[in-house]
Amino acid sequence: MSDARHIPVLLAEALDALAIAPGKRFIDGTFGAGGYTRAILDRGGDVLALDRDPTAIAAGQALVAEAGGRLKLVETRFSRMEQAAGADKYDGVVLDIGVSSMQFDEAERGFSFRFDGPLDMRMSRNGRSAADLVNALEQDDLANLIYLYGEERASRRIARAICAARATAPITTTLRLAEIVARANPGRPQDIHPATRTFQALRIAVNEELDEFSRALEGAERLLKPGGRLAVVTFHSLEDRIAKKFFADRSGRGRAASRLLPGEIAPPEPTFVLRPPQPVAASDEEARNNPRARSAKLRWAERLASPARET
């Protein structure tokens, strides 16, 4: 199973964090092209793999057959991993919080402005699309979305340009939206494409990615055995802040009980312990070979025996 079609970012570091061994059971919450799942299987682990994208599920059936009963592949959101796992407990959970290269490379999915295609961006291929948001949201709401999820300082100017353009004709393709954004907010040649942050914001909103991520972290906490590992790879600051805050909160890195003022409630027992150094970044070599790795961060922790927190 070593002929993986796709090598995910920080693969070796994440596998080491998971402490994979034969007979252990793992959840790959973001199956994608199957890179993490293949590597876990190669090291002797069994895998419950999840993906909300029906295309990824279909493409993964060959690996299911090859794994000889050691891989179960389920079409579902990773926020619903508990429903997929049932009553079982696991030795590790890995979450690679990024859009797979397959999705970016398929023009008809509408994730990328490198190709002209429908303005879609839906991972599960149902629900409202990016075109629905772009053409229906009020200008202020659209500007807030681009600012909050894309961290785009020119969000107001971009939203005005989008609303002016859609008054002439609906915006339905990736290249038309990218051209509108680029005219409203031209960048320098050495900068990222001017539409990058706007596309990121729309993708996050369409797929409810940040809420999904938070719920997945809580689900992993409930599913892990004491001593189990949770490894998370993020690619931008919004995701990394959620992971950092979760691990800080669950490891008891807030105020100590001895520092509480009279009448305050002592914090709950930690549910995870962090192992330094954190976060783990890609090596210079990996960053040179794979541009996606430049912004990637791995955070991981080991589950303690304390009961999982209430949601």
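**Close-up 1. Phe113 and Phe199 are both buried in this predicted model.** The two rings form an aromatic pair. Their arrangement is edge-to-face, with 5.0 Å from centre to centre and 85° between the planes. The pair links distant parts of the chain, 86 residues apart. Phe113 sits in the loop between α6 (101-105) and α7 (130-136), while Phe199 belongs to helix α11. A search of the whole structure finds 4 aromatic pairs.

**Close-up 2. Phe247 and Phe272 make an edge-to-face aromatic pair.** Here the centres are 6.1 Å apart, and the planes meet at 85°. Phe247 lies in helix α13 (residues 237-250) and Phe272 in strand β6 (residues 272-274), so the pair ties together parts 25 residues apart in sequence. Phe247 has 2% relative accessibility and therefore counts as buried. Phe272 has 1%, so this ring's residue counts as buried too. Ring pairs join Phe246, Phe247 and Phe272 into a cluster.

**Close-up 3. Two arginines place their charged ends over phenylalanine rings.** The charged end of Arg303 sits over the ring of Phe272, 5.8 Å from its centre. The charged end of Arg292 sits over the ring of Phe235, 4.6 Å from its centre.

**Close-up 4. Helix α11 meets helix α12 at an oblique angle.** The axes of α11 (residues 196-207) and α12 (residues 209-223) come within 6 Å and cross at roughly 55°. The two helices are therefore oblique to each other. On the α11 side, Arg203, Ile204 and Asn207 make the contact; on the α12 side, Glu209, Leu210 and Glu212 do. By class, the contact has 2 nonpolar, 1 polar and 3 charged residues.

Methods: Residues numbered from 1 in each chain as written. Predicted model: local features only at pLDDT ≥ 70, side-chain atom pairs only at ≥ 80, totals over all residues. Heavy atoms only, no water. Axes fitted to C-alpha atoms, helices over the stretch in contact; angles between N-to-C directions. Helix = DSSP H or I, 4+ residues; strand = E, 2+ residues; numbered from the N terminus. Parallel < 35°, antiparallel > 145°, perpendicular 65-115°, else oblique. Contact = heavy atoms within 4.5 Å. Nonpolar A, V, L, I, M, F, W, Y, C, P; charged D, E, K, R; others polar. Phe/Tyr/Trp six-rings, centres within 6.5 Å; stacked < 30°, edge-to-face > 60°. Buried < 20%, exposed > 50% of the residue type's maximum accessible area, 1.4 Å probe, protein only. Lys NZ or Arg CZ within 6 Å of the ring centre and 35° of its normal.
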